[in-house]
Structures are given as structure tokens and as C-alpha cells.
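Open the structure in a viewer and keep the selection tool at hand. The stops below are to be taken in order.

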Amino acid sequence: MPNSKPSPAALDFVRQLADQAFARSAGAPLINGNTIDLLFDSRENFPAWETALSQACDSILIETYIFADDAFGHRVREILAEQATKGVQVRLLVDWLGSWKAHMRGFFKPLLAAGAEVRIYNRPSLSGGSPLGRNHRKLIIVDGAVAFISGLGISSRWEGKPDKGGEPWRDTGARLCGPVLQDAIDAFADSWASCGEGLDESLRQARLNTSRGKVAARLIATTPATANLMRLDLLIASFARRSLWLTDAYFMGTSTYLTALQNAAKDGVDVRLLVPRSSDIGWIATVSRTLYRPLLEAGVRVFEWDGPMIHAKTAVADGRWARLGSSNLNLSSWLANREIDVAIEDEGIAGKLADKFLDDLEHATEVRLSAHRHRPVLSRPRQRDYQSLLLPKPGAAALGASAAARQAARIGDALGAAVRGTRTVEASEASSFLTIGTALLALALVSAFFPYLIAGPLALLLVLSGGAVVLKSLGLYRARWKKKRQPPGTLGPPTKSEDKPPADG
């Protein structure tokens, strides 16, 4: 029998193809030479942020969904105001919806008075874009030399309620240094320019540390309708050979993604999903539970976090690939929002995230098809079981061709699956469907007895959308008129200072 073990040249070719697929799907190249430190929960992330911000010498760039008017928000605002007074260039971009209370209360006025620049992403206006697309990123860049990417907002909410014995929210972040910083700055600059004039050239260059690390990473900066991370998540679900462990705060996977997870589990991949039991957005947890049954039937193990809230968005595959950041496994993150994540190809970091995932399972309850929630018999696999997930199975070389064929089929299914029809449900999902049905009936009653409560917001949405389209058309007419008046031989429309978009203070 001929030896089916692939040659080094064949393996190198496969690796090149995989890297090309990842780069094109994510819209980001793999960058070597970085240093990345994992930070868990507010206990590690918040002190690291405050230290870096306090030590800033040149610039601070922050892009965040939530900047709250609370104790931690005040601490960060004081640091930023003090640094701006010292001459540090502070640029802050916050989402209107995520930080609307702080914005309406004038929370950012002290920063403006200190010399910082503050911009609000996608605030309501007749000329604005879709009200659904938000800036959900959590990005901090200090002096162009260190960046923080995470799922944590600038809010005391992540610290829990220590005065009442409440535990901090479970979340994950990272501190990055190295060449990947340039992509982080470019991502911030793109968001900054979407709200006004472009970022100053003096702030657009990363400062690379002399001591380079050894971690390979790609920075995935999602913008509305690009679906970069969605394609990458589908590829990872298809390429995973031994394990795929997912933690997600607001899981509402599409039919295509659910199919990819099911096919991976049926093919022998150890697929596990950890989600909140008690969520800060309760209806999302209810909808998530309606998705459990097909996953469980395919062999996916689903766990619900026992604590107050798990807000992390992480993935670990085969103990060597990991992802973390702001993106959830749902359409809002994949298609509508600005998100930022880092995908890491390093066994050391992936191993740490895998260990943390196993530790999290000790504080979670496994969901079973029996419709009764029981503690898993073995939440944390024995070390030899965990190691077996990272090593080739006996006979894997002899079965290489058939395994490759199955994996190719999974990749094809994941990338080409269409939305499928209805499915039967189990008794365990009764409470979820009762909640959804009751909410729909309540909405029907409200619309019947108080139609203006429905008609008013709908009319406002139509006015905003229609006005935005009309203004867009007028802008196109204006551009066409200016183009007709353009002198022959010029390469572009005439530029005047009044044509530049105003800075958003």
C-alpha cells in the first residue's frame, strides 16, 4: 500500500492555499512579529487601559460603542482631559446609540474644553445613513505603539455590582504591540473620516517597537455590508479538524453558519458553544434557545453561563487558531456594524484561550436534548482528553484522502448553503416560543388599541429614510452639475474649502 502521508512540498502548498483563503475572506493579511497579551474581564482590562492612557506621550485614539456616564467612565474622562491639557492629541469616536445618554447629558464637554476632539458616529439626521448600522468597535490606541481590542465598553457595568456581591461580567480582551498596529490605526482612520475630515497625517503612522514578538495575527476591521468576519467564521467552521470552541454573548447564527457547525460536529469535530443564560438583552437569549435543537442533534455541545453575564466573543480552533474582539455571531455584527477583531495563529495564545474556555465550562450548565438541564458529568476534560484534540488521531494518515473529501464537502456546504425551510421543535423550546408569541400578541394589541404608537415611529422612520434618499439624490445632481462645469483637462472636480465636510465636534 503506497504511503499516503503528504510530502513537505504538498503541505506547504496547502498552507499557502489556506492562508490565501483566510486573507481574501477576512480582507486582511497575516502579519508576523507581534506581541499579544490576553486580558480577562474588567479586573485586567480596565487597569491596563488606565495605565496606558495615563502614560501616553503623544496621542490617544479611542473608538468605542459605549462610553458611559458612570464611575469608570468618569475616571477615563478625567485621564483623557488631563492628557489633552498636557498636549497629548486625543481623538474620541463614540457611537450615538451606545452612548446617547452620555452625549445628551453633555458628558463629553469637559473633553472638548480640554482640547480633545470628539465625534459621534451615525447620530440621527435626515442626511444620515441607515439607523441600524452602529459602530460597535472597542479599540484603544496609545502613541501608535500599543492597542487594546476587546468586547468591553468604557462603563462600570463590566465591573458588576461588587457592593451587592455581584461578579464582574465575563469578557476577553487583548493588548497588541507590533506591525499589526498599523492596520489598527488605518481602521480607526477610516471610521474617523466617515464622520468628518480625515485623521491628521501625524497620527496615521504606527511606532514599531524594537523588540519584535513572534505572534502572527490579522486585524479584521468590519464595515457595513463587507461581511469579512462572516466569511472567515464560515471558513474556520469548515477548516477545523479536531475542535472548535465558541463563546458568544448574543448568538443568533444564520442558517448557513448553523449548517457549518452541524456539519463540523457530524464530521467528528468537537464543537462547543458557550452563551449567556441571563443576558442584559433578554429577548436575544430567548431567540438563541430556539436554535439549540438542530445543533444538539448534530452533536454540538451547548453550555449556558451561570454567572450574571458573559459578554466575551471568542473562538478557538484546533488549539492553534483563535479570534477575539467585538463581533458577535449574528447578522448585526457580520453585516451592519463597524466591528474590530483580531485573528491569531499561535499555539501559546490559542492554548491559553482554550484553557480559559474549559475553566468557563466549570461555571456553566450544559443543555441536553432530554429537555432537562443537568450539570455536565465532565465539564473540564482530562488533560489527556484535551491533548487528544490537538494531536492527529490514529490512522489519520491512512484516512487522509477520505477526511480531506469530507472536509471539502463541509467547506462547500458552508459557503454554498441556502436558507432552509421549517423544522420541528422540541418541548424544551416551549418557553422560548411562548415568550416570542406573547410579545407578538402584545404588539398586536398595542397596534389595535393605540395605533399611533406604531404609526408614529414608523412614520418617523419613513421620513428619515425618505429624506436621506432625497438629500443623497440632490448631492448626486450637484456633483453631476459640477462635473459638467469642470474645465477641460482637469482630473477631478474643483476643490474649495467650503466643499470639505465639516468636522463633527
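Start with helix H2 (residues 41-54) and helix H3 (residues 71-85), whose axes come within 9 Å and cross at roughly 15°. The model is a predicted one. Angles under 35 degrees count as roughly parallel, and H2 and H3 are therefore roughly parallel to each other. Look along the pair for the handedness: H2 passes H3 in a left-handed crossing.

Now show side chains at this contact. On the H2 side, select Phe46, Trp49, Glu50, Leu53 and Ser54. Their counterparts in H3 are Phe72, Arg75, Val76, Ile79, Leu80 and Gln83. Coloured by residue class, the contact of H2 with H3 divides into 7 nonpolar, 2 polar and 2 charged residues.

The next stop is a second helix pair. Select helix H7 (residues 228-239) together with helix H8 (residues 255-266): they pack at an angle of about 15°, and their axes are 8 Å apart. H7 and H8 are therefore roughly parallel to each other as well. The crossing of H7 past H8 is left-handed. To display the contact, pick Asp233, Leu234 and Ala237 from H7, then Thr256, Tyr257, Ala260, Leu261 and Ala264 from H8. By class, the residues of the contact of H7 with H8 are 6 nonpolar, 1 polar and 1 charged.

Leave the helices and select strand S12 (residues 314-317). Are its faces buried or exposed? Both are covered: Thr314 and Val316 lie on one side, Ala315 and Ala317 on the other, and all four of these residues are buried.

Keep S12 selected and add strand S9 (residues 243-247). S9 and S12 run antiparallel and are joined by 4 bridges. One place to check is Leu244, whose bridge partner in S12 is Ala317.

Then add strand S13 (residues 321-325), which pairs with S12 in the antiparallel sense over 4 bridges. Which residue of S13 is the bridge partner of Ala317? The residue to click is Trp321. Ala317 is thus a point to centre on, with Leu244 as a partner in S9 and Trp321 as a partner in S13.

Finish at the turn. S12 and S13 form a hairpin, and 3 residues lie between the two strands. Select Asp318 in this turn and read off its backbone torsion: phi is positive, at about 55°.

Methods:
Residues numbered from 1 in each chain as written. Predicted model: local features only at pLDDT ≥ 70, side-chain atom pairs only at ≥ 80, totals over all residues. Heavy atoms only, no water. Axes fitted to C-alpha atoms, helices over the stretch in contact; angles between N-to-C directions. Parallel < 35°, antiparallel > 145°, perpendicular 65-115°, else oblique. Left-handed = near helix turned anticlockwise from the far one by under 90°. Contact = heavy atoms within 4.5 Å. Nonpolar A, V, L, I, M, F, W, Y, C, P; charged D, E, K, R; others polar. Buried < 20%, exposed > 50% of the residue type's maximum accessible area, 1.4 Å probe, protein only. Pairing = 2+ DSSP bridges.
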